[in-house]
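This briefing presents selected features of a structure to a reader who has not met it before. Please keep the sequence and the model at hand while reading.

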Amino acid sequence: MKKFRKVLDGLTTSSPANPGGSPACGSAAGTPSTAPTPRELEIQETLMSEHFQICKTVRHGVPYQPTALAFDPVQKILAIGSRSGGVRLLGRPGVDCHCQHESGAAVLQLQFLINEGALVTACADDTLHLWNLRQRRPAILHSLKFNRERITFCHLPFQSKWLYVGTERGNTHIVNIESFILSGYVIMWNKALEFCNTHPYLCFHYLLFFCFESGTIVMWDLRAKRTDFRIYYDEVSLKEFVSLTSDVFFALRSFLHKGKSLSCSFPIFENPYPMDIHESPVTCTAYFADCPPDIIPVLYSIGAKHKKTGYSHKEWPVSGGTWTVGSQTYPEIIITGHADGSIKFWDATAITLQMLYKLKTSKVFEKPKSGDVGRSAELVEEDPYAVQMISWCPQSRILCVVGISAHVILYRFSKHDAMDLMDQLLLYVCMEDVISPSDTENTPSFSDPSGHSPQPQPPSPRSNTPDSMRDSIPCLKVKDRMIRMPPGYQAELVVQLLWVDGEPPQQITSLDLNSAYGLLALGNCNGLTVVDYLQKTILLCMSTLELYGSADPFQRLTRSPRKNRQSTSGTHAPCVSESHECSNAVCFFVTKLKLSLPTDLKTDLGTVENSFSRSRSSSVSSIDRETKEAVTTLQFAESYGHKSDTLPTPCLWVGTSLGLVLIIPMSIPTDEQERLEDPVTVAPTGTVLMLKGSILRIGFLDCGGALINSPYEVWRDQHAPDHPDRPRKRKLVNFSPSSSQEASGDGHLAVVCSERQAKVFFMPSQACLYVHNITESSFVLRADVVSVCNSVCLACFCANGHIMTLSLPSLRPLLDVNYLPLTDMRIARTFCFTNGGQALYLCSPTEIQRITYSQEMCDNLQEMLGELFTPIETPEAQNRGFLKGFFGGNAQTFDREELFGEAAAGKASRSLAQHIPGQGGMEGMKAAAGGVVGELARARIALDERGQRLGELEERTALMMTSAETFSKHAHELMLKCKDKKWYQF
């Protein structure tokens, strides 16, 4: 445990105008600022480097680009090989293991050693691998690398120790499974194609059937080493050959030939694995650990009503292995957003994954007509409903979804049906350019204290051009009729950005939701909007430039984007609301906002690499470039908006792409009735904190170093029947005035992380306590303040593949591992951390990889994983009929040492293949220590050691007996020699 003392400055603060931070904040971690000493802060940090280790836990989803398949009918384990060199082993639910070949070569074929707990893989790099499955983490026992020939096919008879390997040259080699060494017995292609016997004898115990790609099928006599029968198909090129003894594949082939006529007669099995993750491409992910315990049963009960029916009632055939829930389990939920606008909730408890609930956001909108398709064509070529971001409050069960068509949908959870007009819940947001600089000179920088903004001058009329015809229309049309919303998540509010001057709206780059405040904040390339979703009004709509006021550290100039389309700057007018009456006397709100949103600034993750390379020079050119400022992160919290504040108030922290952080305090009524009637006032203060690089994450700690959770509203079902004795009232947690002020009255710590840097500030003095430069050569893609081992740390994932953790609040480096290089933007888009030392990312278009960076979880991983192998007696073979005996032969007499052994066949050429020993033996013994296989392994080792000791004892006894016999012989000879001698003859 490390105790550190930190001096806080409650009277003077560092100047925010220094882009590099305060002078006392160096690049070294844990460097304090030199400030006066009004008081001392004592925090004990318990996290050390020993608490962290990177380890993959489990992979979910169907293997991407599968290339091979194998099934063990006794162990009931399924193996799937992929083009990237991965092997997935599946058993009963919970028994799921992923193995990866280090070479990354595609898996050509898989062969189980039936009921032996082993698997042979043939890869595209002409290497055979023998995997040990008698452990929770399979490992390679042996490898055999072919040097001169390419592997095309392998075959392993049941209960045989000889593996037949066919090559591209047409030769067939034989490998001993036990030693994984080539036999000297080789079937050459020219010998196989020779036809020697036109009338083969009726002895099929030594026959081998194989075929060539050209269409030739050969029956080879292993003992006589000659061809007994040959068939040639000159019209068909055979790509696959199925042995008549392979009953399973023969039945499958027969089933496929019958086609659709049998598909209706045999219902399919319900898949217990999450193989439909990629039903629609995954576009974003969210990971929540330690959720409320009642949320998973509720989501499952709602989702079970929409499950498909007609599945088979028989047991799922892939039911091998054993799995038990580990001791360390807590509710975990993974949310995935998809390209078709759907959102899926998954139960991720105890390294499993089970579908809970599916939501389709596209149901909020009308189906686009042929003439309306063009509205979103310029914004997105396809998938107009694709989900970009997800914000979810598990306590209040409020969900907010950001779509690629510049729309935001807010959902509330209810267990009851609802019939509502969507017109009551819609809010349109229109983005328009400023007409001229003269229009912006009289525009105030901030809204007045009442929270209402002055109305700007209306824009000039537009010409009737094709581009102007699109103005003031959204990309998608919301349903304007009474619709039935089933139990589950029901849409309450839709926010859409409109077309302006023939230009599509800018996509939303940041989002935050707070259920206790009833507020929703969203930002895009250079604008911020705060929405009150309880009153269905807009509280604030400004550009980031207006938020600074006179505190802008760059002193940027404004220009009209109408006069120069290449310009990327401009001032923005506040919002104006217009109320319209709709049918059925329903009030319909349409709010138009004037924001300068240049279309040449594309907010894509692909440009994040250049965000930290912007010049911080004071030259005119750099000032012009820095007028492009996007809102990159938003965070509601109980904080201090001014240095003179003594108690925390609701605030919105805004982080931008230029590394600036602004604090916007708000005044929110505490009474429930007043909250629905009185306006919420928002007054930006111009407070600016500065870091290097785009701001990624903002978190808060109390003076004891504990994580401060955001205020939230306890969930209540708004569509539940009213009870006179139990009125539905809002119940708020951690919302001022409450215990949160008592806990944070002495101040709190703000943790801010950017692409390049992390800083810890003390509030309300805004003094920088610690600063750490995370990276110089790369940039941070994802950062989160997470709880690990009953403490808090800052977890970062960089573009160069490094995963780092920093202690809080001292920012002391604890972990830096080069884990995963950024091969594509899919990883950057889906990587996310969560509490408990876990993280996930989309490793392929169809698979989710979960990892842990906690040493404690790595130690307990063996207990959490399932056993792939269970001791099962091999079923006795059924009575073999005439045809099976005729074509299949006798496996027991087939495998004979006299045919393939070294004594009879000799040794294979050393240049043909290279044997590579693996590390699976020792790892298997260590990994199997926790289960039945471990007990058997220990017993086997003990027996071997006992037998070895008995053997050594027997050898020593034999030596002693030989020595005793020798001594007795010499003594007898000496006695005979001295028998007749007198005493004086000695």
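Four strands form an open sheet in the order 12-13-14-15, with antiparallel pairing; strands are DSSP runs (E, at least two residues) numbered from the N terminus, and two strands pair if DSSP finds at least two bridges between them. This is a predicted model, in which local features need pLDDT of at least 70 and side-chain atom pairs pLDDT 80 or more, while totals for chains, interfaces and linings use all residues. Residues are numbered from 1 along each chain as its sequence is written, and side-chain values use heavy atoms, without hydrogens or water.

**The sheet**
- Strand 12 (151–155) and strand 15 (181–187) stand at the edges, each with a single partner strand, so one side of each has no neighbour in the sheet.
- Strand 14 (residues 172–176) and strand 15 run antiparallel and are joined by four bridges.
- Val 175 lies opposite Leu 182 in strand 15.

**Nonpolar cores**
- The largest nonpolar core (buried Ala, Val, Leu, Ile, Met, Phe, Trp, Tyr and Cys residues joined through side-chain atoms within 4.5 Å) has 34 residues, and Phe 345, Leu 399 and Tyr 489 have the most contacts inside it.
- A second, separate core of 28 residues includes Leu 519, Leu 652, Ile 664 and Met 666.

**Ser 810**
- Ser 810 lies in the loop between strand 49 (802–807) and strand 50 (813–818).
- Ser 810 counts as buried (under 20% relative accessible area, 1.4 Å probe, protein chains only) because its relative accessibility is 3%.

Conventions: Buried means under 20% relative accessible area, exposed over 50%, partly exposed in between (1.4 Å probe, protein chains only).
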